[in-house]
Structure formats: C-alpha cells, structure tokens
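Okay, thanks everyone for coming. I'll take a few minutes to walk through one chain, starting with its domains and then moving on to a sheet.

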Amino acid sequence: MPDAVVLDLVVNGESIQVLAPPHLTLLEVLREKLELTGAKEGCGEGACGSCTVLMDGRPIRSCLTLAVEAAGHPITTIEGLATEEGLHPVQEAFIQHGAIQCGFCTPGMILSAKALMDRNPQPAEADIREAIGANICRCTGYAKIVEAISSLSSNREDGHE
Amino acid sequence: MSEDRTQYKYIGRSLPRVDSRAKATGQARFSADLSFPRMLVGKVLRSPYPHARILNIDVTRAKALPGVKAVITGQDTHGEKWGVFPYTRDMQMLQTEKVRYVGDEVAAVAAVDEDTALEALGLIRVDYDILPAVFTIDEALADDAPLVHEDHPRNRNVEVNIDVGEVDVALLGAYLVRTDTFTAPEDDYFMAEPYAVCARPDADGNIEVWCPNAGPHMKAKPLANVLKLPMSRVRVRKIAIGGAFGGRSEISPADFLCSLLALKTGRPVKIVYTREENTITVRQGHGMVVTHTTGMDREGRVAARSSTAHLDGGAYSSTGPIAVSVPFLCMEQTYRLENVRFHGVRVYTNKPVRGMIRIHGRAYACGVDMQLDMMAADLGLDPVDVRLKNARRPGETTATKSLVGSCGLVECIEKVVEKSGFREKYGRLPKWRGIGLGLNSVQTGFPLGIRGGSQAMIKFNEDGGVSVISGVVDNGQGNDQMIVQIAAEVLGVPPNEVDLITADTEVTANDPGSYSMVSTFAGGNAVRLAAEDARRQLFEVAADQLEANPADLVARDRKIFVKGSPQRGLALAKVVRLALIQGRPVMGQGSYSPRVDHGREWVSNPEGQLSEAFSFGATAAEVEVDPETGQVKVLNVVAAQDCGYALNPMVVEGQFEGSVAMGGQGGMLTEFHAWAGGHCLNPTQLDYQVPLAVDMPPITPIIVETIDPNGPYGAKEAGMSVAMSAAQAYACAVANAIGHYIKDFPLTPDKIVEAIRTRAPRAPREFGSGNLFDHVKK
C-alpha cells in the first residue's frame, strides 16, 4: 500500500487535490486536510449520523467511507449549503423552529433533511422521521426538528402550525 | 412584580436562538474542531483491570519512539486528589498506587500525530498486581469485601440520614402500609459530543483550555489546584458544547493530562476521546436499589414514608453527597411528607465513576409514583386524587425545611389530566393499553458556597453596541439566548445586536455554571441587574439632556425617550457618546446570589433552604404494549411544568421535548448499562439504545407560569423536572397496560414478556377493583 495517494475530490463544488494516506476516511480528510470541521465524529462506527455528508446528493456516513471511495463523486458538506443569497431553506427552517440545541448533530441532521427534500418535496411526517432516523439527537426529542422539516413540505397547508 | 407583561418586547417571545446560525452552517467550533500550529495529539493509557496495584511503569521505549514529545505518569504529577467536597477527595488524575476500574488513567503521551501517540501507548509497560474486585452493591458491602479505598470500611463512600417527624408512630397508625423495592442499573448521558480538550501554553506560563463544561469557573479552580497554578494562569475559554445533562460538571482527568502535556512540551495539545472513552471515563448514572415503605390513611394521604437507597457509585466519590440526596429531595419537594425517613448509602465498586444525570434516581422517583398507584388501587382510590391530595402547594415548607415559594404543581396535574383525558381513559382503555401519571420537582440551584452567585457586566461601544460579560455557559440548552433576551429587553436593543462575552475565566467573573439548574436564576438575574444598572446610568445622562426625570424614561428600539412621547428622545448611541464626552462612561454591573441556607450541608446538616426556587412538573403517558414481543409503543405524552415564566417558550418547549426523550422514552424503555467482570458491555452508540426520531411519540408541552417573585421576570428552572416526571409516567403507564408492576427499570421487552407470561396480573385495570391485601388493617 502506498504511503499516500493523490485524491481528486469535488467538495462543495470545488475541485481539490489532496495528498493523503489511502486508509483515511472521508471524515478525516474533510476535517483534518480540508479543515471542514462541520461534519463531526460522534461515534466512529456509523451509528450516530453526526458525520453525515452528501455524496452524489445522497447522505452517507463519512466516518465509514474511505476518502478514496469519494474520488470523483461530488461531496456536499454543511459548509457548502449556504449561498451568497443566504442560508439554505433547511438551515433557515431549523433556526426559526428552534430545532437546534447543542448543535453537534445539526450539520448531519440538516444534510439528511436536505437529501429528503430533494428527492421528496412533500414528505409525510413518517417520511421525515425515517429520513432522520439514523441521525441521533440527544437534546431535542426530535419534535422541533420534525416541525422544521415539515414546514418546508410543499403540500403543507397555509397557516398550519 | 407588578410589571405589565404584555409590554415586553423580547422577553416571553419565541425568538430564534443567537447561537443557531453558527450551528446550522457548521461554523460553530467544538473543542475537537480546534487546531493550532505545532499542535500535538494526546492519548491516554488506561487500566485494563478493574482493581490492581501498580508495581512499575516503564516508559523508556515509548519515550524513544520518534515523534513522541512527552510521556507522563503519576510520577510527573503532584499526586493531588480531586473531590467535589473536602471530605471526598479521593481521585487522582493519574493513578500512582493502584487502579480501581477498567479505564482508570495510568499514563498519557503527546506525539506529532495520532498514529504515533497510539503506538507509544503500546510501548508503555505497566506491571500490575491484580487484586480481587467488587462489582455490585452486595459484593461491596460484604463483610470480607476487598476495599476499593482502604480508608472506607465495607466500601461505604457517603451516607445521608434524614429523619423528620414520627415515622414509626405514623406507620403504625396508618390504614395501609406497603413496602416495595425498586431497582435500576446504570444509565448514561450519551451527549452528542464525545469529550475533547485542547490546551495551549503561552510564554508567560499561562494555559488556555477549551473543553466541554457545565461552568468554566467550576473547571478552572480544580484544574488550577491539581496543576498547582494560580487560577489566573488557567484560562478556560468559551467553546461550543455538545450537551452535558449533568455529565460535564466536574474536572475531567483529560483536562489535567492535556494541560500537563502542553506545559511539559510547550506546545498546544489536543485529546479527543472515542465514544467508548467518553462513556467509560467521564461519568455515568448510578445504579440504584431503593426500598420505600409508605403508610397511607384511608383517604389516600401519605402518613409516612421510610426509604432506603443504595447507590452504586463506582470507583470514586464524584458528586456523591449530592447524588445520594437528590432522589429524596426531588420527592420531598413534590409530595408533602410530615413524617419521613431517608437512609441513603453510596458504595464504592470497581466500576466507572458515577455522577449526576438528568434523570438521576429513576428507581427512586418511579418507585414513589408506582407505589402510590398500588396503594390507590388497594384502597379503591383514583390515582389522580391521591396525587392531588399529597401534592405540594405554594407557601409550604419541605420536610428538610425549605420554604417553597411559587409552586404550580396542582395546575400542572390538572392541565395534564385534562389534556391527556386521563380520568376518561384510566381503566377504560382497550386491552394492553395503559395510561400513567408522574410528578416531580427539581431545584433551581444548590448551596454552592462562594461559587453560588453570578456576576455580570454590560459595556457599550461608542456606536451604541452592547456587550454582555457573564460567566454563564451554554451547553446546548439556550443559556446564551436567555442572556441576550434579558439584556435586550432591559436596554431596548434588538437581541441580535447584543454581543456576548461569556464563559471565559480570564474575562468573566464568578458564576456557578449550569450545574444545579441555576443558570437562569443566578446568571439571568445578574444580567438583568447589570442591564438595569447600565440603563439607570443611561437615563441619568439622557435626563440631563432631555430635561426630564430619569424615572419617566424608557429604553426601546435603540432609543431612550420620555414615556408616552417617543419624539422626546435620544438615540441610544447618542446617549452613550454623551456619557463618554461628559466623562461618565456607562458600565453596568450586577450580581445575584440565590438566597439559600449556607449552613445546609449534604451529609452533616441536611436541613435549611436548599434552593431559592423549585420547579414542578407533571407528565402523562399513554402506551400500548405488544404482549407477544413486549414492545412498548408510546401513543401520546402530555408534559407540563411550572417553570416560573417562559423567557422563550420555544426554547422551553424544546427542553420539555428533549426531557421526554431522555427521561421517558430512553430512561424507562431502553437505556441501561450491562456488565461483565467490571467491563461495560455496551459503551458504544451502536449498543446503548438512545431514542431515535422514529421512536418518539407525539408530545404536547404545557408551560405553566407562576411568576416566581425572585426569578428573572419570574423564571425558574425549565425542563428538567419533565425528564423525571416522564420516566414516572411511562413506568406507571406500562403497569396499567399489562396489569403488573415491574419494579426493575428500564421496562425492556424481556421483562415485560416475562411479567405477562409468568405472573397473574395484579395491577388493577381500574381504580376501585383492587384487592385489599392482608397488610391492610381490617
């Protein structure tokens, strides 16, 4: 096994070459090589969801994904969600609905929610709970998180709160 | 307080939290996210044995490994022992003589990268003499038990004895007496963020420390003690904190090891715990065995209760005296008890160290409510009526002499009972469905001596910008927002324009931390007083300019003007500048020390005012049990709490909902630790089952406001009593559903199936149908 390999990554729309040992996880490369610390390590075994990032638009556990597997696949981290126009609607909904307490699970939670909304703009509550079912939050009891995501559903009746 | 509450502009409103934008964008920095030039990676070598004497530690090979910059053992420390109380100092940060649990700290290294640090740990050779160990309360208390600490015979660590009234007489005279034993193994915090600490030395001998904490000042003092440095040299800095729940209150050996490695190498050092290390070596909830003997009169009034609690405390004292007392105290606040006895014993075992947790004493509290249900059934009484008969009222005094000021417990019960349809449902639900009710009360601060009060300052920039300086820390519950909303209200500036300088021991003054649920009460009051002090000064300057009476001025929308005449006013920035030019710059100061009895001591004198205010709560839970699998589906939860006044209802609701998850859903259905030979069998996030989004029932939060006369804007503690009352409600609901009282918590499917299969149902399905057992006096 070589000591280091050159990885051609596309992170938040930017093409980046990283020289890294081939055993590094995507999470390690994001946090330690690219200083994108929004993705967190909560358990290191794919159980908590704090390290969730999007690869090809789908939520993945970056702690269980080798960085070499991500080469050539567009990666979105929490740092890549807001644009010059402002925050992503999911971020804004989380803020407005009080869905953020300690904030450690928030980046992964928001990315799982974004992936859901991208593939299903009208999720039922059960869909929402399932989509974030692998993102553990210890603070909120998930109620305000579900409310925040529900508020974005395009079939939501006006005035429904 | 005779204020018109409808006039508040920011207080009492569900404003989004000031810290949420940084957290939503990934910009919030947690301790593990920090990095500094030339930073080293620290790792800790831990004991593989539950109990062993350290004969020799050889670090020669580890030190020789290229890339290793420092290796430390107990020989490099002052051997200082840490304890929350002078009489509980029993924990070294690195063990010098023996190890007392699997995970005890033995050595630490700092190296250029993680791989090198881990390799170095493998090169440290430790010779142990393995000693016999104790793993359960019974083993620890046995006559010939090996001693975890040689100076504590029979491993008795802390004992608390309380005896008020005439318990024996009252029990003899009671109409019905029951004795039941309730048990629960250890539970755990599983805060989202695994422990991490970063320490950076400077050329002048100071050390900066970033770590999760429930009070930076409560960290800095013990850290200074064990490092033998003046407090001014130890600077605990503000950092985002990924949850605490009681598990971030004390100094962690990691704080000390990281600081010492940094001082030795002259370089920044970071230690990041694995999830398993966080579970094993930070703190856990106590295992507990509780026996309640309760006497009741014919009408359902509790005449007397005698309770014994044994707590498995693990290897060191931690917050032992508090941990032993609090389960009793919460219940003596909740229910009137004229005749009450409590005997609490915390024992040492060769297991990880136990501290306070959000649902501390689940066996105790669930036991109280479950036993009330049993006795109500025996007497043919309604469980709601029995609770109402015994529930605390305002103006009363607890058994250990705390005056209860504001108290909305009855209102909480009534609202929860109505909203949940309890009276219509109890005894009338379809088979395998049940409903339960739990009541609880928690403190808003403890007697914490010189660290009990909080101090705050307000300063202004020349453009009118406001900065609040306060030692209050935010672990995730929203304390930053609490401070901002209070300062904004008093000074009449938008909350998002209030800058915070908080939780940094170099800058901020004394504060008790969020430990003991006191942040809003002490810290919030201090900020309010500081802001009022600043406003008074601003009004004096403005009054001169406006030729008005300072008493007629108001501050609102960044202006100071004469009440009722907004045109007769000045911009806040203008007043600040006038004050500067007139040589009387504005600087607000405030401090608040809760009025508690400082003569009260947990062990030697458990009597006197414990806390200036108490919160009260009631929760109802409705469940459906699958008799084949023992799975519990929670259909509905209604949780009410008297939090005094909700400074931000959205934040308060979030506390309630999180409390239901941790206390009820996790604490009563799935969460516990399993053990083998001192090894924790489920330390990881995969094995220890915390609630997921798919598990949670609908929750109806009900905020009850009694406007405490001494809390800031009437606020008290918010949310924690719900964690407890939810656990009690879940326990009673499952019993109601399956017709049997399971007294060993949590109520996992195996126990439920076993109870259904092997024992005749005994818990009545409705009140009035219970048998009168022979312990009832005929």
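**Domains and a sheet in chain B**

So, domains to begin with: the assignment splits chain B into domain 1 (5–27 + 449–592), domain 2 (37–131 + 192–243 + 248–281) and domain 3 (287–447 + 600–758). Keep in mind that this is a predicted model.

Let's look at domains 2 and 3 of chain B. Taken over C-alpha atoms, their centres are 36 Å apart. As for where they touch, 20 residues of domain 2 of chain B are in contact with 20 residues of domain 3 of chain B. On the domain 2 side, helix α8 (residues 275–281) of chain B gives the largest share, with five residues. And what's the chemical mix on that side of domain 2 of chain B? You get seven nonpolar, seven polar and six charged residues.

Right, on to the sheet. In chain B there's an open sheet of five strands, in the order β9-β17-β16-β15-β10, and the pairing is mixed. At the edges sit β9 (156–164) and β10 (176–184) of chain B, each pairing on one side only. From one strand to the next, the twist averages 5°.

Zooming in on one pair: strand β16 (residues 302–314) and strand β17 (residues 340–348) of chain B run parallel, joined by nine bridges. If you want a spot to click on, L311(B) stands opposite R346(B) in β17(B).

Last thing, what lies across this sheet? Helix α10 (residues 362–379) of chain B lies across β10, β15 (287–296) and β16 of chain B, and the helix runs at about 145° to β10(B).

Conventions: Residues numbered from 1 in each chain as written. Chains lettered and ligands numbered in written order. Predicted model: local features only at pLDDT ≥ 70, side-chain atom pairs only at ≥ 80, totals over all residues. Pairing = 2+ DSSP bridges. Helix = DSSP H or I, 4+ residues; strand = E, 2+ residues; numbered from the N terminus. Axes fitted to C-alpha atoms, helices over the stretch in contact; angles between N-to-C directions. Contact = placed C-beta atoms within 7 Å. Domains from an automatic or database assignment. Nonpolar A, V, L, I, M, F, W, Y, C, P; charged D, E, K, R; others polar.
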